[in-house]
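This briefing sets out selected features of the structure shown below, grouped by topic. Please read it alongside the sequence and the coordinates.

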Amino acid sequence: MIEVVNLSKTFRVLEGKTGFVGAVKNLFSRDYRYVDAVRDISFTVKQGEMLGLIGPNGAGKSTTIKMLSGILMPTSGKALVNGIEPYKNRQENAMKVSVVFGQRTKLWWDLPCYESFELHRVMYRIPEKIYKQNLDEFMEFLELEEFWSRPVRQLSLGQRMRAEISVSLLHNPEVIYLDEPTIGMDAVAKERIRQFLINTNKSRNVTLIITSHDMADIEKLCSRVIIIDHGQIVYEGDFDEIRHRYGRERTMVVEFGEEYPEIELPYGTVIKDEGLKKSIQFLREQGTAIDLITTLGKKYVIKDVSIQEAEIESIIREIYEHGM
Amino acid sequence: MANFVTVFRLAYMNLRTQMEYRLSFFIWLGIKVLSYGSEYLIVWMVLDRFKGIGSWSIPEVIVLWAILQLSYTLAAPFLFHSAGKLEQHIVRGSLDYFLVQPIHPLANLIARNFSWTYSSQQLMSAVVLVIALNASGFDWSLPKVCFLLLTILGGISFYAFTFLFGGALNFRMIHGGRSIGGNIRWLMDLTQYPIGIYPKQLQAFLTFVVPAAMINYYPAVYLLDKQVELFHPSLPLISPLVEIALGQIGIRLFTKGLEWYQSGGG
């Protein structure tokens with residue numbers, strides 16, 4: 001159970017003056033600006049829940065995760081993770097949680113993969129039986145065998161993340177924080193990680209808190225989302241609901257079999273024309289994607305179709321424009 | 001106990017990492033033997049021209065110098081690389097993982113960056129110290145030997161303090177703490193000679209402001225039974241304790257500094 005009450009974090013940022021003269025001035029007088037990265041947010045997460053934290057760049061998602069995991073000290077407010085304040089009891093907290101940063105690694109770069117697992121076993125005092133049981137499971141599901149004795153620096157991004165997530169789960173944490181876990185990965189690798197996280201959540205009743213830019217991550221993994229913007233919660237609730245209420249703009253990319261200089265649309269507009277490939281934007285209430293493609297299929301030769309859902313940025317823009 | 005096992009494991013993995021780059025490892029080891037060897041030689045040659053410094057004979061001055069060197073070479077493998085790495089971690093915000101592991105971030109940092117290439121210098125400094133002590137007529141009695149060990153521990157604590165103080169500043173200033181904490185060569189240059197030969201003001205500075213003279217000068221006064229004028233007669237005996245206390249203050253400052261850690265952009 002995680003309880004966040006009026007949590008805020010303010011950073012002190014040096015206001016740099018520009019140019020050489022400015023740089024010299026900076027040496028003698030410094031102006032600081034105070035940035036409110038997280039402003040007075042409150043929410044709770046139940047044990048075993050999968051929560052998505054989404055928002056544009058610089059919204060305060062990572063700062064929130066860093067306070068919850070004990071890395072950053074809040075400026076005010078309080079977070080309780082299973083009864084303890086993580087940033088005040090870092091070592092006690094560390095035994096019960098795990099953090100995975102997509103852009104960083106806790107594996108030892110120059111050493112074979114298994115060395116990092118062995119270190120984790122010692123550091124977290126994992127009993128031999130549990131260690132073996134977990135390792136066998138991860139080995140099988142994430143196929144760690146193929147790169148087990150290779151130095152981490154030689155692993156692909158997908159392989160590294162498989163190892164990273166496995167090592168993070170070795171000590172049976174109650175909560176896992178994942179900050180952009182699938183960043184930079186190809187579709188197959190992403191899917192594998194997602195499936196593994198879903199299984200882990202079900203079989204171990206572990207709480208997952210995820211931030212991601214990839215809406216598919218959130219859609220597939222999280223039952224509930226919190227949208228953060230400018231350090232504040234702008235939405236909290238069901239993911240399907242925001243999709244339904246706010247993801248009004250959809251884009252269909254159609255690849256035609258022949259060149260058509262002009263195409264007649266029942267609804268929507270062509271927003272990008274790349275010859276055979278055209279992007280058509282339409283609103284949910286105008287009609288469905290199926291109807292649109294059926295109508296087009298009757299008149300034109302179509303080779304391929306894909307649908308792009310609204311990006312998080314445009315959903316947030318809509319929330320602002322139309323209110324909750 | 002479990003923490004000790006973890007620290008050893010980290011240090012072992014760090015050694016393995018260094019050995020992955022075998023050539024670099026041996027080049028470093030070689031360079032350090034050469035640079036320290038030549039330093040000993042220079043001091044020897046310079047002192048050989050004099051009968052002594054002030055009321056201190058040549059072997060006694062070498063005792064001062066060897067205490068300084070031994071405590072430095074014992075502290076450096078823990079601190080030297082860690083200081084550089086800490087600044088990098090703070091600048092890049094990569095200290096994050098240290099704060100979500102069940103071991104003190106300081107122990108984690110030091111064990112990961114422990115340098116194995118100082119062993120030759122430690123051995124050289126220890127041998128020189130023993131020879132110089134013998135030549136100075138040192139009384140190898142139990143209390144004096146214990147005090148000698150305490151003195152070395154005090155020296156290590158002083159260097160640890162400079163590193164930890166620099167680290168704590170780094171959390172606030174991001175850059176530069178390392179240069180404040182790490183540049184202690186000038187202090188060592190001053191205190192490798194008996195500070196009694198300096199003006200009173202400088203003596204006071206090295207005793208009360210930056211107590212570097214407490215690493216070697218004051219303990220040596222007791223160890224070698226020197227009859228010299230002191231600011232206070234208790235200074236020789238309390239010096240190692242003051243240095244050890246400084247080390248403790250350093251740890252407190254560092255832990256406090258962690259609260260300022262701002263991490264990196266996410």
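In this predicted model, helix H2(A) is mostly covered, with 8 of its 8 residues buried. The same helix, spanning 61-68, is among the elements that give two or more residues to the side of chain A that touches chain B. The points below begin with this helix and the interface, then take up the sheets and domains of chain A, and end with chain B.

**Helix H2 of chain A**

- The buried residues of H2(A) are Lys61(A), Ser62(A), Thr63(A), Thr64(A), Ile65(A), Lys66(A), Met67(A) and Leu68(A).
- After H2(A) comes Gly70(A), which has a positive phi near 100 degrees.

**Interface between chains A and B**

- Contacts between the chains involve 28 residues of chain A and 21 residues of chain B.
- On the chain A side, two or more residues each come from helix H2 (61-68), helix H3 (90-96), strand S5 (97-101) and helix H4 (113-123).
- Sorted by class, this side of chain A comprises 14 nonpolar, 5 polar and 9 charged residues.

**The sheet of 6 strands in chain A**

- Six strands of chain A form an open sheet with mixed pairing, in the order S5-S6-S7-S3-S8-S9.
- The edges are occupied by S5 and strand S9 (232-238) of chain A; each has a single partner strand, so one side of each lacks a neighbour in the sheet.
- Ignoring direction, neighbouring strands of this sheet are turned by 15 degrees against each other on average.
- Within the sheet, strand S6 (residues 175-179) and strand S7 (residues 207-211) of chain A are paired in the parallel sense over 5 bridges.
- In this pairing, Thr207(A) of S7(A) is the residue opposite Val175(A).
- Helix H9 (residues 239-246) of chain A lies across strand S3 (50-54), strand S8 (224-229) and S9 of chain A, and runs at about 105 degrees to S9(A).

**The sheet of 3 strands in chain A**

- A further open sheet of chain A has 3 strands in the order S2-S1-S4, with antiparallel pairing.
- Strand S2 (32-45) and strand S4 (76-81) of chain A are at the edges with a single partner strand each, so one side of each has no neighbour in the sheet.
- The average turn between neighbouring strands here is 30 degrees, direction ignored.
- Strand S1 (residues 2-14) of chain A pairs with S4(A) in the antiparallel sense, over 5 bridges.
- Val81(A) in S4(A) is the bridge partner of Ile2(A).

**Positive phi in loops of chain A**

- Most residues other than glycine have a negative phi.
- Asn82(A), in contrast, has a positive phi near 45 degrees, and its place is in the loop between S4 and H3 of chain A.
- Asn82(A) has 15 other C-beta atoms within 10 Å and is therefore partly exposed.
- Asn205(A) likewise has a positive phi, near 55 degrees, and is found in the loop between helix H7 (187-204) and S7 of chain A.
- With 11 other C-beta atoms within 10 Å, Asn205(A) is exposed.

**Domains of chain A**

- Chain A is divided into domain 1 (2-6 + 44-244) and domain 2 (248-308).
- The centres of domain 1 and domain 2 of chain A, taken over C-alpha atoms, are separated by 38 Å.

**Chain B**

- Chain B contains 12 helices and 2 strands, which follow one another along the sequence as α-α-β-β-α-α-α-α-α-α-α-α-α-α.
- The radius of gyration of chain B is 20 Å, close to the 18 Å given by the globule rule for 266 residues, so chain B is as compact as a globular protein of that length.
- Taken along the principal axes, the C-alpha atoms of chain B fill a box of roughly 65 × 40 × 35 Å.
- Of the 266 residues in chain B, 39% are buried.
- Among the contacts in chain B between residues at least 6 apart in sequence, 79% join residues at least 24 apart.
- Val145(B) lies in helix H7 (residues 142-173) of chain B and is partly exposed, with 14 other C-beta atoms within 10 Å.
- Val145(B) and Leu223(B) are 78 residues apart along the chain, and 8.8 Å separates their C-alpha atoms.

Conventions: Residues numbered from 1 in each chain as written. Chains lettered and ligands numbered in written order. Predicted model: local features only at pLDDT ≥ 70, side-chain atom pairs only at ≥ 80, totals over all residues. Contact = placed C-beta atoms within 7 Å. Helix = DSSP H or I, 4+ residues; strand = E, 2+ residues; numbered from the N terminus. Nonpolar A, V, L, I, M, F, W, Y, C, P; charged D, E, K, R; others polar. Pairing = 2+ DSSP bridges. Axes fitted to C-alpha atoms, helices over the stretch in contact; angles between N-to-C directions. Rg over C-alpha atoms; globule rule 2.2 N^0.38 Å. Buried ≥ 20, exposed ≤ 12 C-beta atoms within 10 Å, placed from the backbone. Domains from an automatic or database assignment.
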